[in-house]
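Dear colleague,

Please find below the structure that I am handing over to you. I should be grateful if you would read the notes after it with the coordinates open.

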Amino acid sequence: GEKASNDIISTPNYNPLQTYPNATGHRANATFVLLARNSDLVGVLNSMQSAEDRFNRYYNYPWVLLNEEPFTEEFKERVSVLTRAPISFGLIPKEHWFQPDWIDEERARAGRQKMMAQRIIYGGSVSYRNMCRFNSGFFFRHELLQPYRYYWRVEPDVRFFCDLNYDPFLYMQEHEKVYSFTISLFEWEPTIPTLWQTVKDFMAEYPQYVENHNAMDFLSNDGGRSYNLCHFWSNFEIADMDFWRSEAYTTFFEYLELKGGFYYERWGDAPVHSIAAALFARRDQIHFFRDIGYRHDPFQHCPSGDQWKQGRCACDQTDTFDYTPNSCLKKFEQLFS
Ligand code: GDP
Ligand code: MN
């Protein structure tokens, strides 16, 4: 990989135990990760302020910010005032970001034009495709993420509505969870026309990677013949990078990569992560964080009942995606009924 020349570590006075509410010193090997452009600065500030005030100022898990361009000095300075936890700013190696040379650009362009004609969001965007491919197969390989096992993905302009009075990373670890979500929904079919056939081909070729107690019934209403488009919304993720680094996922990603669908179509990291978690992990290793109030426009999850009260949630309980017509939460819960 390329040297990430603008990596810095700030906050020399960092003391993780100082503000830890339970003060047991029992921590997970975990970090926040936030991919952003310099132009996302204000959105990054909003998201970090929210995550810090509702959780991390008591826990001080580190932040890793990533960008395919160097972050500006202004960006780094302004972000650094929001947390006492260590922050590092990483540059993404070119080969992890840009469209590979072996992609047939004629075919990729035709795919973009077709999607633009269908008025699909980001249909004509190459940078969005770079981002989806990076989040699918590369972020967990970044040098700055190598020390960590668990991560919490944050995007610009998201909001956390509730106090979190426990450590979700430790929860993941202690319950052997590998992937978690707050919102699940249906994908736009035209962005992934050949993804499911590719997944089926992969399963036929590599049956050893498919978990017996998987969550196929979350993805399919007919035992795997067709994809019902359900996926977890990946702008929020708390997950185990060892899962993405596993032989199963590495082989799966490489298989998808060589089909070129990140560029010929617009395969999103959300369906890719969701399909992998549903097929290669046990269904009980996927967790719905019902108590994490969260908004990424235009949808939100707002906890109810005791969780709303205990979390001092600042959201409208009637505005929650959970059982609305476009939500897949019911499908997820049926796995356990
Ligand atoms: P949406 O949520 O699907 O509408 O997509 P976003 O625009 O929020 O992008 C998803 C994430 O990728 C956010 O964290 C963005 O800041 C980040 N992102 C998107 N495009 C780029 C890009 O070209 N460069 C960088 N560095 N980050 C990007
Ligand atoms: Mn977003």
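The notes below take up the ligand site, an annotated residue, the core, one helix and several loop positions.

Please bear in mind throughout that this is a predicted model.

The surroundings of ligand 1 may be the natural place to begin. The shell consists of Leu35, Ala36, Arg37, Asp40, Asn67, Glu68, Ser127, Tyr128, Met131, Glu155, Pro156 and Asn235. By character, these residues divide into 5 nonpolar, 3 polar and 4 charged. The element that gives the most to this shell is helix H5, covering residues 126-137, with 3 residues.

As to annotation, the unreviewed UniProt entry lists Glu237 under "active site". In the model, Glu237 is found in strand S9, which covers residues 237-240. Is Glu237 buried or exposed? Glu237 has 21 C-beta neighbours inside 10 Å, and a residue is counted as buried from 20 upwards, so Glu237 is buried. Leaving aside neighbours within four places in sequence, Glu237 is in contact with Arg153 and Ser180.

The largest nonpolar core comprises 90 residues, of which Phe32, Leu34, Leu65, Leu145 and Tyr151 touch the most other members. Helix H12, residues 269-280, gives the most to this core, with 8 residues. As general background, nonpolar side chains in soluble globular proteins tend to be buried together. For Leu65, the contacts beyond four places in sequence are Leu34, Ala36, Phe71, Val79, Ile87, Phe89 and Gly90. Among these contacts of Leu65, Leu34 is also one of the core residues that touch the most other members, and Ala36 also belongs to the shell around ligand 1.

Helix H12 merits a separate remark. Its 12 residues should span 16 Å at 1.5 Å a residue, and the end C-alpha atoms are 16 Å apart, which agrees. How many of the residues of H12 are buried? The count is 12 of the 12, so the helix is largely enclosed by the rest of the structure. The buried residues of H12 include Asp269, His273 and Ser274 as well as Val272, Ile275, Leu279 and Phe280.

Several backbone details in loops may be relevant when you prepare the model:

- The peptide bond from Asp297 to Pro298 is cis, with omega near 0 degrees. Pro298 lies in the loop between strand S11 (294-296) and strand S12 (299-301).
- Asp157, a residue other than glycine, has a positive phi, near 60 degrees. Asp157 lies in the loop joining strand S4 (150-154) and strand S5 (158-160), and counts as partly exposed, with 16 C-beta neighbours inside 10 Å.
- Arg312 likewise has a positive phi without being glycine, near 50 degrees. Arg312 is found in the loop between helix H13 (305-310) and helix H14 (329-334), and is exposed, with 12 other C-beta atoms within 10 Å.

Finally, I draw your attention to Tyr122, in the loop between helix H4 (105-117) and H5. Tyr122 counts as partly exposed, with 17 C-beta neighbours inside 10 Å. Which residues does Tyr122 touch, not counting those up to four places away in sequence? They are Tyr128 and Arg266. Tyr122 and Arg266 are 144 residues apart in sequence, yet their C-alpha atoms are 8.6 Å apart in space. Tyr128, the other contact of Tyr122, is one of the residues around ligand 1.

With kind regards

Methods
Residues numbered from 1 in each chain as written. Chains lettered and ligands numbered in written order. Predicted model: local features only at pLDDT ≥ 70, side-chain atom pairs only at ≥ 80, totals over all residues. Near = placed C-beta within 6 Å. Helix = DSSP H or I, 4+ residues; strand = E, 2+ residues; numbered from the N terminus. Nonpolar A, V, L, I, M, F, W, Y, C, P; charged D, E, K, R; others polar. Core = buried A, V, L, I, M, F, W, Y, C linked by C-beta atoms within 7 Å. Contact = placed C-beta atoms within 7 Å. UniProt positions renumbered as here; feature names shortened; annotations may be inferred. Expected span 1.5 Å × (residues − 1).
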